[in-house]
Every structure is written in structure tokens, then in C-alpha cells.
Protein chains: 2
Amino acid sequence: MTSARANPLLSDRDTDFQLYEVLDAASLCALPDFAEHSRETFELVLGNVRRFSREVLFPTYRMMDAEPPSFRDGRVHVNPLMRRLYPGLVELGLLTATRPPEVGGQQLPLTVASVASAYLMAANLSAYGYVGLTIGAAHLLEVFGSPWLREEFMARLYRGEWTGTMALTEPQAGSSLADVKTRATPAPDGTYRITGSKIFISGADQDFTENVVHLTLARIDGAPPGTRGISLFAVPTRRPEGGRWVDNDVQVAGVIHKIGWKGIPSCVLSYGEAGDCRGWLVGPENRGLACMFQMMNEARIMVGLNGVSTASVAYHEALEYARSRPQGRPAGAKDLSQPQTAIIEHADVRRMLLRQKAIVEGGLSLLLAASWQADLAGHAPEEEARRRAGLLLDLLTPVAKTFPAEKGYEANALALQVHGGYGYSSEYLPEAWLRDQKLNSIHEGTTGIQGLDLLGRKVVAAGGEALRIFSEEVAATVARARRAGVEPGWCTAMERTVEVVGELTLALGSMGMAGEVEQMLRHSADFMELFSITAVAWRWLAQAAAAREGLARGGAGRDFYEGKLCAAQYWFSVEVPRVPHLVELCRSGEDSYTRMHPEWF
Amino acid sequence: MTSARANPLLSDRDTDFQLYEVLDAASLCALPDFAEHSRETFELVLGNVRRFSREVLFPTYRMMDAEPPSFRDGRVHVNPLMRRLYPGLVELGLLTATRPPEVGGQQLPLTVASVASAYLMAANLSAYGYVGLTIGAAHLLEVFGSPWLREEFMARLYRGEWTGTMALTEPQAGSSLADVKTRATPAPDGTYRITGSKIFISGADQDFTENVVHLTLARIDGAPPGTRGISLFAVPTRRPEGGRWVDNDVQVAGVIHKIGWKGIPSCVLSYGEAGDCRGWLVGPENRGLACMFQMMNEARIMVGLNGVSTASVAYHEALEYARSRPQGRPAGAKDLSQPQTAIIEHADVRRMLLRQKAIVEGGLSLLLAASWQADLAGHAPEEEARRRAGLLLDLLTPVAKTFPAEKGYEANALALQVHGGYGYSSEYLPEAWLRDQKLNSIHEGTTGIQGLDLLGRKVVAAGGEALRIFSEEVAATVARARRAGVEPGWCTAMERTVEVVGELTLALGSMGMAGEVEQMLRHSADFMELFSITAVAWRWLAQAAAAREGLARGGAGRDFYEGKLCAAQYWFSVEVPRVPHLVELCRSGEDSYTRMHPEWF
């Protein structure tokens, strides 16, 4: 039983607003690399993706959730629907959407591709998961692979003939990549013999393409310990040999019973049990982590987008439910002969919906701002502009990954709550999206890791330059908001908040310089929280400005803009005022959990 | 794969501390009704319960989660383990633990019984769920039932021969009990013919006892509309007739596929499809809701306790995992030849654990404070003392129900997060407890309903008398804390916070009196949040006082007390400072979600 009106996954009105009113996506076509594009080509792509997401992908979501992959005779058998879905996804051109024509791509700006991805993820995150992983693997080969690897592996991945994975995590190491142990022994033929095991490898086996390539971190014999001794290898499940494709001694040792993302298997992989697993070096020796992290940052943006999408589809489900479910009467109204009102009329239900909207649309706006910087970082003609955008992208990445994962999870829980007792049953979908969302705070670097990355590296990078660039961007948005006639209090609050964050960062950075690393990083979770509130406030201010501009143009569509202003008001009234307390926790070095000895628990 | 050391469910050291150091449970034995008891009898009961919980109940939890009830041929078949577990639970004396000797009970203070319930719930909440529901139904019959109902129905429930349910919710009404439609038509034999349907009825059918009694809300023909026309009936699945027990035309129309609490079915019930369902009136006509609410308040305390217990078992699982899982090295330590450290050494993991501890042990302390007031309200010799305790209990009930449901859910999510990727799999238990916990914000009155109850009724009850009593209790705790040498800043913050809450309540109450009901109640969710923080601060201050007293006595066990002081510090540094902003939201009447029209979303 889903609601009567079809779930839109994301609001088309909102994604258009974000692309063409908050941002000016068409202006990206002024960059030489995007010169072939125009708003018309963007709309063509998005139109196809929206249709495919709603008509093909979304109707398969529940079935793939209910019938996860099975592991029999050493092979993973995924839901048979994937045999139809994957070719459909490939046909949409998604694998190479952002890639250049040289590799068969259409060189679409990431800003536009991100919107497309969001629809696909909201419709069926697991089905799209194979695409995302394959893009990541192929892109690594495109940038760092030898001509042979590009021709033999990358091209097949981009054509959709194979799929790819990212194989980093090992059972004994988890987040601590310095402790990766998988070995690579040079062989006379120029390849390496790989031995070891990996865990939590999504999509490591399936039965809808004939091969899978695992981009694998391993240590070449004799390499230095730690992260400086890790190299990157392409390790296919089947390898070319004498004109044939033979088994490459990569075994699936087991499948994890995940609680969500049930359409894509998470595997334990075992390399070289028979001593015959070959890997091809990708990029320079011992530089594997640096190579991998180029993709990892893209992967983190994708996780953030997934968080937004998973919260979005649930938000729209809750919204429709709240509009159609009659229950109770307004506070004070006691005439029981009157029919019950729709629950959206109750203040607390509206609060839950507005909070979801604020998280979903604020999160999407943040992800698109990050994608925009990625487009500039990769395609701006001037080096300085690329460098500037790159720094800002680096700064935004951990926030854009974490905010949707953490607050998106809260939004997903609210979507379930709006459904009341029905929400607690698997007859309704919100519980499934809640399970799906929970992974996003864990994979591609946990929330804890992101906090350390943000505070320990990103905000202090290049002498705080990234943070200065962020402040400039915010200042430009404040200026636009003032011109548009946005509530002056929000503009002032935005300026003050960015200032406070800057001062705090300076104070913490000084602690770090003075060697007080533990104290500097102690409240990295609180720093992440306050920075997220600030970054999303920036995006809500930009949306408020665009909404005011829209209202000033007059005409129809006032409702949409008024809703945007309400959500912006919510963020500035409810979230932004939380920043000072979080700043105080970071600055004061509050020490309850540092003092707490393990044996005191 | 559970952790190596057995999960204690709750810490015995902590529950003893709460009973005998924070509270003085033995002093309850000075009340005449409890005169037969002593600390020794309490310890006997708790010893049996702890053993049974750990050795019998907990080992069945995973199996009952994995194999939920099935619905075949119109009957519900529950996990066969229940045929062994239910008699074991009955044998422990749980059904009548708090009931007087007249009905076969041992008249145990609720304060002690609550601790016992917490272990049982932490071990296997569904198995204990049958007990809790049966107690509720039997207690209603004990208080309001005719002698015949007490003999024929209540006695069998208390002896464990039957089980009971509470049948309030209807598909079209949900939380809006005023819209209950189930009909009761008087019959010549003095019973009523019941027709209608109910939904989400936990334990409405099972196959381990021969009968189930449904305490059912229905409308006698011609009764006034709304809540003043609702009566309470005992409706058994099988009824006595001519010396035999015959089918009473109560059918299970379906079983909801719940996402947690999988050991106990949630049913759709259909009454009187064949026109032959008999119900026996319980209490006066048209007073059913008042009768039901006596039990409902007990049920809400039990939900709160369940929230604490479900968070507790997960917290202990995470704690053990964090102590035994090596990964990474301390910030700054780069010597990779050293083994990895346990993850509990990482500040952010300790933060997650301390937050769980603060929620779990603060929540337990709040539940025991509420239970304590229930003991006084029911058993203090002087009427004034009973009245005072009753008012305070009423005030605390919605908070004691909601805080563990909402923050317990957050704690459960953190327990999963501590387990990293493993936490996202059903091979580990945290995900199951996370599913279980989600129900607690929905059943027995949603969080939204509790917020309206707290702000719209409880804090303004009797001219604010309940709130004055609360303030007096807090003041007594502050005095004790000062004597014990607790951090003066916490004492001052506690006093100031209670004062601010009092002023806010006065302001909001005046709004209500002036007819501004919508504005008064608009931020009931924020009011619930700030009141919860305050009430839990009160309990952490009491624990800090008891810890300081313990440290002053000297001897072993310092670690435990130091841990308590760290958790209290955490609460006063991290949570209490959030109150002013929440107060401001309530007071200012921030109107983002009131202004938001349904069509603006």
C-alpha cells in the first residue's frame, strides 16, 4: 500500500529551481568543455532520467528489497530484475555522462549529472549502485591506467559490459587504511600476484555481466609500512589469457547480510587462494591511496547525494500520506459531527514535514554547490579558478557527505513517524528507506572519519585558504540576498555565524600548531555539526534569495516560493541559533569523554 | 557473532546504585503496604530476574526476531519458544509482582519491579511484552471489574492461564480516540454484542495459552459522540457458555508485518462478524476512556522503561565491542609497528559511548523516579502525600515515555555506528534493537501526543501545582548535591533551568487562558525536548550527588563513581545549555510551520 498519488522521488519544480534559479546551470555552458551543452540538452537528459526513474526503476525497488542476492556454489546471484535494469541504465548514457568524448562520454556538468543521479538513487539506490561503482572504477582507470588497461578494462566498464568495485576495507583494518595487508608480488610478466582478503565490497559479484574489475589497494612486497606503501591494482574476476578470459582466482568468501541496500551484495573477497590471482598496477607504485582518494572524494559526494535522495523519496511519501490521511481535528475544534481533518493540518505533523523539507532541499542545494565547484575545478579555463574551486570542493566534501547521512537519517525517521503505526510495518516503504539510509554514516569513511578530515585537514588547509574562499562565497550570497530583499536578520545571522566559525577555526588551528592535537580534534563531531548547520544555512539563504527574486517577477507559482521562505525561516530560527553552543564546546575543550577512562564505563 | 563477554543487559552495579544510593529503596518498606519487604526480598527477586533474563530469555531473542509469528487458517502461531518462556515468566511471579496479596500478589514496590522489568525487556522485549499486556488487562479488571469478571477473567490472567490485550486503536481513528466507532449493543443477558474492528493489537492471538481477553473500547448504542461516549469492555476470544468455553466471534483479520518486536504479533481484530461477539462492561458506562487511561499511564511508564532497556542492551554490546575491537592508533601516534589500539581509545568513539551511557542511565533514573512517585501515590498513608505524588507522576509520565523513545533511538543508532560496517549487518544485534526501539515513539500515544499532553495538560494542571512540586523535588536534589560537594556550576545551572522552565510555562499557560491555544501548543515538541533535558539533568544531578557521597565513603569502586561524574558533566555541558534556545522557540511563537500551507510544500 503506497499512497494514492505516485511518489515523484524528488520535486521537479525544486530541482529546476536549484539548477536554474538558485544556480545558473546554463552559464556552465560558457566553459569550453561544456560548450556543446545548453539548457535544452540538460532538460533532455533529465527528462529521460526522470521518466526512467519513475516508470522503470522505482517499481522494482520493493521487489529488490524483498529478494536480496543469494550466495550459492561460490557465486552471487542477484535479483533477476537487474538483467533488465542494468542495460536500461547503460542505455541512458549514465556510465559516461560526465566523461569526455574521447572515452565515449557526453561531458555533462556534474551539477546536472548530480540531479540525474539523485532521481535514480531515490528510485532504486541499489540498482544505481552498480552504476556508481562502475563509474568510480572506470574513472580511476581513465586517469591512472595504462593504455592497455584503458582499452581492455576501462572501455568495457564504460560500455556497460562489465561492472567495477572499489576494494579498500580489510577485516582487521576497517577505517585504518594504514593497516592494509593485502600483498602484491611482482611477477616476471609485469603483473602482480595478489593475495589477501577484503570485506564489505559492494557489487563484488553478480550474474548480469560477464566480469567484474576490483580496484584494489595492496602492498607491493618490500613497500614501506603505513599509507605510503599502498599501491592500487586492477584485479578482474576473469582475466585475459591467450585470447580467452579465464578465472583469476578471486573468490567470494561470503556475503554480508546487510540491513538495507538489499539489491546489491556486500561481499567478503579472497584473492589468490590458489596463488594465481593477477593484478595490474594502476598509477605509480606506493601512490595507491592518493589515486584512490581522487575517486573517494567523488564517492563521498555520491554518498551525500544518496543521503539526500533517500530522505527525499521518504519525505514525498510522508507528504502525500499526511495530505490524504484524515485523523483528529484542529486544536480547540471539538465538533465531532465534522469529518476528521488531514493530519497535515496538525502543527506537529507540519513541523515534521518542514524539517524533512529543510534537510532534503537544503542538503540537495549543498550537494549541487559542491558539484558546481567540481565542475569549475575540472573545467574552468584559468588555473587559479580551478585551484580555488578545488580547495572549496575539498572543504565541502566531508560536510556534503555527512550532513545528508546524519540529518537525512533523522528525516527518514520522521517520515516513518508521520505514518504512525503503519510506518512501523513493512507494508509501507518508509522503514525500508530508513534501513537504506543508515549505511551512509558508515561507508566511504564514517561520520567520525569525516569529522577528523574536516577539522584536522580541510578547514586548516593552505593556511585556512579554503575557509576564506568559503567565506567569500557566503558573502556573495548574502549580498544577493540583501539585493533580493531577504529578511535582514537572516543575512546578519549568516555573516555572524561565518565569522564565528572562522574565529573558532583559527583558535583550534593554533592549538594544533602548538602540538595540542588531541584537544584540537576532541570535538570534531561538534565542529562537523556546526559547520554543517552553517553550510546549509548558506544554501537556504541562496534559496531564499532566489525565491524572493521569483516572487518579485510575479506571476503564478507563489506557493512554491512561499514554501521556500518558510523552510529558510525554519533553518535560521531553529538550527542556526544552535551554533554558539557548539562553538563553545569546541573552544572550551569540554573534557567529559576525554577524562572518561575505558574502565569507568 | 556477538561479543566475547556476555552482554549484561543492564549493569547490576548501576541498578543497585540507582535503587540504594541515588534512591533509598529500602525506605519504601516503611510504608505499611510494603512492610513485608526488605532489601533482602528485593535482592532475591532481582537475583532471580537477572539470572532468568540472562540465561533463559536473552538466548532466545535472536531466534524470536528471526522467526516471527505466522498467520494460518485464521489463527496466529507464535514462535514455539514461547510455550516454554511464558510459564517461566509466570513462575517468576511477574504477573502479580506489584499486586496485593488479595489477588495473589507479592506487593512489590513498582520502583523495584521496574528494575526487574528492565532486565526482562532488555533480554527479550517481545517475550516480556505478553506479560506487560496481561498485567495491564488484569489490573483493569482488578480495579473496575465486577466480582464475576475478577473471578472468571482476572484470576486466570494473573495465574498465567490466559493472556490479555488493550484494544483501543481503530483503522479510521488512530490517535483520535474521539472517533472510535466499535459498537456495543446491550443484550438481555446483561452483556453486550460487540461489532467493529481494531488495529495494531499486540498479542491479540497466540497459541501458548487457551484464551485471550481483549480490554476493548466501544460505544454503547445511543452514547454521546466523542470521548464521553466511550465504554470499556472485556471481550474474550473464547467465552463461557453452559459450562463450556466457546468461540466468541472475535476474529484475527490479519497480522501486521512489524519491523521489530517480532516475537509478538500485531493484529487486526474483527468483532462480531457473525453477530455473536459478547463483551462484558468494565467500569461505568461512558467512562471507558478514564478507566483505560489509568492503565495507559502505567503502560506509558512501561514504554519508557522499554526504551531505556532497548538502549541499554545495545549500549553494553557497543561497549564490549569498542573494548575488544582493535583499529587505528591515537591521534598523532604514527608508529605502525605498534599494534592497533582498541577503538574505545578514540575520542569520538568514547563520545558515542558516553552519550549512550548518559541517555541510558539518565533515562533509567527518570523511570525510577516516576516509579517511586507511583509507589507513593498508591501506598503513602497520608492522602496529601498520595495526591502530591500523583500529580508529580502525571507530570513525569509523558516525559518518561518520550525521552527514552526519542533519545533511546539515537543511542541505539550510535550503538550500531560504533560497530561500523559490521553494525550494518544482521549478523550483529544492534540493528535488531534499533528496529525494536522505533516503535516506542509511536505506540501508547505518539511523541506528538505526549508533547500535547505535557504542555496542554500536565504542566498547567491544578494551576501549575505539579510543576511546583517538581521544582521542590529538584530543589531538594540540589541541596543534597551541594552537601555532597558536587560541582557548584551544575547546581546553579539546575536551579536556573528549572526557573526558566517555570517562567516559560507561566507565559504559555497565560496564552492558553487567553484563548491562544494554537500558539500555546505550537512548539509542544520543543517544550517536550527542553523539559526532558531538564528532568534528566535532575536525575544526573542526583546521581552525581550519590557518586560524590560514594567517593567520600572511600574504599574500592572509585571507577564507577568517576564514570557517573563524567556522564553528569557531559549532560550539564552538552545538553543543559540547549535549553535557552528551545525556550526561545516556544516563547517567541516562531511560526515557520504554522505559516506553511499544505500546498506550499
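Here is a quick tour of how chains A and B meet in this structure, plus a look at one residue inside chain A. Keep in mind that this is a predicted model. Put together, chain B and chain A bury about 7,400 Å² between them, and the two copies are related as by a two-fold rotation axis.

**How the two copies are arranged**

- Turn chain B by 180°, shift it 0.0 Å along the axis, and it lands on chain A with an RMSD of 0.0 Å.
- The two copies are thus related as by a two-fold rotation axis.
- If you want to find that axis from chain B, look for B:Arg578, whose C-alpha is 3.8 Å away from it, the closest approach of any residue in the chain.
- The copies meet through the same surface, because 100% of the interface residues of chain B are interface residues in chain A as well.

**What the contact is made of**

- Each side brings its share of residues: 86 from chain B and 86 from chain A.
- Carbon and sulfur atoms account for 61% of the area buried between the chains.
- Three residues are worth picking out on chain B: B:Tyr424, B:Tyr593 and B:Phe601 supply 13% of the area this chain buries against chain A, more than any other three residues.

**Polar links across the contact**

- There are 43 residue pairs in polar contact between chain B and chain A, counting pairs with both residues at pLDDT 80 or more.
- On the side of chain B that touches chain A, helix α16 (residues 558–575) gives the largest share, with 8 residues.
- Sorted by type, the residues on that side of chain B come to 39 nonpolar, 25 polar and 22 charged.
- Salt bridges between the two chains number 2.
- One salt bridge joins B:Arg329 to A:Asp179, with their closest N and O atoms 2.8 Å apart.

**A look inside chain A: A:Gln450**

- You'll find A:Gln450 in helix α11 of chain A, which covers residues 447–458.
- A:Gln450 has a relative accessible area of 0%, so it counts as buried, the cut-off being under 20%.
- Its side chain reaches the backbone oxygen of A:Glu444 at 3.2 Å.
- Setting aside neighbours within four places in sequence, A:Gln450 is in contact with A:Arg300, A:Pro398, A:Lys401, A:Thr402, A:Glu444, A:Gly445 and A:Met528.
- A:Glu444 therefore turns up twice for A:Gln450, once in that set of contacts and once as the owner of the backbone oxygen its side chain reaches.

Technical notes: Residues are numbered from 1 along each chain as its sequence is written. Chains are lettered from A and ligands numbered from 1 in the order in which they are written. This is a predicted model: local features need pLDDT of at least 70, side-chain atom pairs count only at pLDDT 80 or more; totals for chains, interfaces and linings use all residues. Side-chain values use heavy atoms; hydrogens and water are left out. Contact means heavy atoms within 4.5 Å. Buried area is the accessible area (1.4 Å probe) that two parts lose on being put together, summed over both. A salt bridge is a side-chain nitrogen of Lys or Arg within 4 Å of a carboxyl oxygen of Asp or Glu. A polar contact is a pair of N or O atoms within 3.5 Å; within protein, one must be able to donate a hydrogen and the other to accept it, and residues adjacent in sequence count only if both atoms are side-chain atoms. Helices (H or I, at least four residues) and strands (E, at least two) are DSSP runs, numbered from the N terminus. Ala, Val, Leu, Ile, Met, Phe, Trp, Tyr, Cys and Pro count as nonpolar, Asp, Glu, Lys and Arg as charged, and the others, Gly among them, as polar. Copies are superposed by least squares on the C-alpha atoms of residues with pLDDT of at least 70 in both. Buried means under 20% relative accessible area, exposed over 50%, partly exposed in between (1.4 Å probe, protein chains only).
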